[in-house]
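Trainee: Could you walk me through one part of this protein in detail, and then show me how it sits within the rest of the chain? I would like to follow it with the model open beside me.

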Amino acid sequence: MATRREARSNSARSVELTGEVSNVPHARHLVAEDLRNTNVSPTVIENALIVVTELVTNAILHAQPLPLSSTRTGVVLQWAVLGDDVLIEVSDGGGSERPQVRQPTSTEDQGRGLSIVDAIAREWRVRSEPGRVTVHAVIGPWTPVA
C-alpha cells in the first residue's frame, strides 16, 4: 500500500509518494485538481501534468528513494503557482547518473522523459544535495516569437 502524505500552504503544495509507478496517476490527479481551482490556463495545466508524469516516473524508475516522513521511502512532488506559471519539483535520492536529456534510438522504449520536459518547460534544472536530487521545472504560457 502506498504512503501518500499531502501538505498544503498558501503558495506551495507537496505530496510524498512511495516508489510505485501506480502512484503517478494519483500525483497527476492531485496537481490537476489543485490547479483547476486557480487562474492558470488549461494549456499550462495540461503541460504541467505532462511534466509531473515524466518527472515522477523518472524518479521512481531511475533513482534511489528518499526516506519519507513515515518509515517508508519514495519521492516528493511539490508544486506552486507563480503568476501564470506553474513550478514543479520532484525530489528523490539520486541515481547512478545525474538526470540529463538523452537521445534514445528509435528502438529504445525509454529515455525521452527529460526531452519532453525540455520541450515543454520554460526552464528546468537539476539541484543536488547530499542524498537528494531535485528536478525543478517551470511551465508557463507560450509566448509567440515576434
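**A close look at helix α3**

Mentor: Happy to! Let's start with helix α3, residues 113–120, where the buried residues are Gly113, Leu114, Val117 and Ile120. These four lie on the same side of α3, because they cover an arc of only 125 degrees around the helix axis. Please keep in mind that this is a predicted model.

What covers that buried side? The cover of the buried residues of α3 includes helix α2 (42–62) and two strands, β6 (123–129) and β7 (132–139).

Let's move to one of those strands. Val126 belongs to β6. Val126 counts as buried because its relative accessible area is 14%, and the cut-off for buried is under 20%. Setting aside neighbours within four places in sequence, Val126 touches Arg98 and Pro99, and also Val133, Thr134 and Val135. Val126 can also be placed relative to Ser91: the two are 35 residues apart in sequence, with their C-alpha atoms 9.7 Å apart in space.

Now try strand β5, residues 85–92, which holds Leu87. With a relative accessible area of 17%, Leu87 is buried too. Beyond its neighbours within four places in sequence, Leu87 is in contact with Gln78, Trp79, Ala80 and Leu82, as well as with His136, Ala137 and Val138. Ile139 is worth finding on your screen as well: Leu87 and Ile139 are separated by 52 residues in sequence, yet their C-alpha atoms are 6.5 Å apart.

With those places in view, step back to the whole chain. There are three helices and seven strands, and along the sequence they run β-β-α-α-β-β-β-α-β-β. Contacts that link distant parts of the sequence show up in the overall count: of the contacts between residues at least 6 apart in sequence, 59% join residues at least 24 apart.

As for overall form, the radius of gyration is 15 Å, which agrees with the value near 15 Å that a compact globule of 146 residues would have. The C-alpha atoms fill a box of roughly 50 × 40 × 25 Å along the principal axes. Buried residues account for 44% of the 146 residues. On the outside, the chain exposes about 8300 Å², with carbon and sulfur atoms supplying 50% of that area. Finally, the chain carries 14 positive and 17 negative charges, and the mean positions of the two sets are 3 Å apart.

Definitions and conventions. Residues are numbered from 1 along each chain as its sequence is written. This is a predicted model: local features need pLDDT of at least 70, side-chain atom pairs count only at pLDDT 80 or more; totals for chains, interfaces and linings use all residues. Side-chain values use heavy atoms; hydrogens and water are left out. The radius of gyration is taken over C-alpha atoms; the globule rule is 2.2 Å times the number of residues to the power 0.38. Buried means under 20% relative accessible area, exposed over 50%, partly exposed in between (1.4 Å probe, protein chains only). Contact means heavy atoms within 4.5 Å. Accessible areas come from the Shrake-Rupley method with a 1.4 Å probe; for residues, only the protein chains shown count as cover. Lys and Arg count as positive and Asp and Glu as negative; His and the chain ends are not counted. The place of a charge is taken as NZ of Lys, CZ of Arg, CG of Asp or CD of Glu. The arc is that of the directions from the helix axis to the C-beta atoms.
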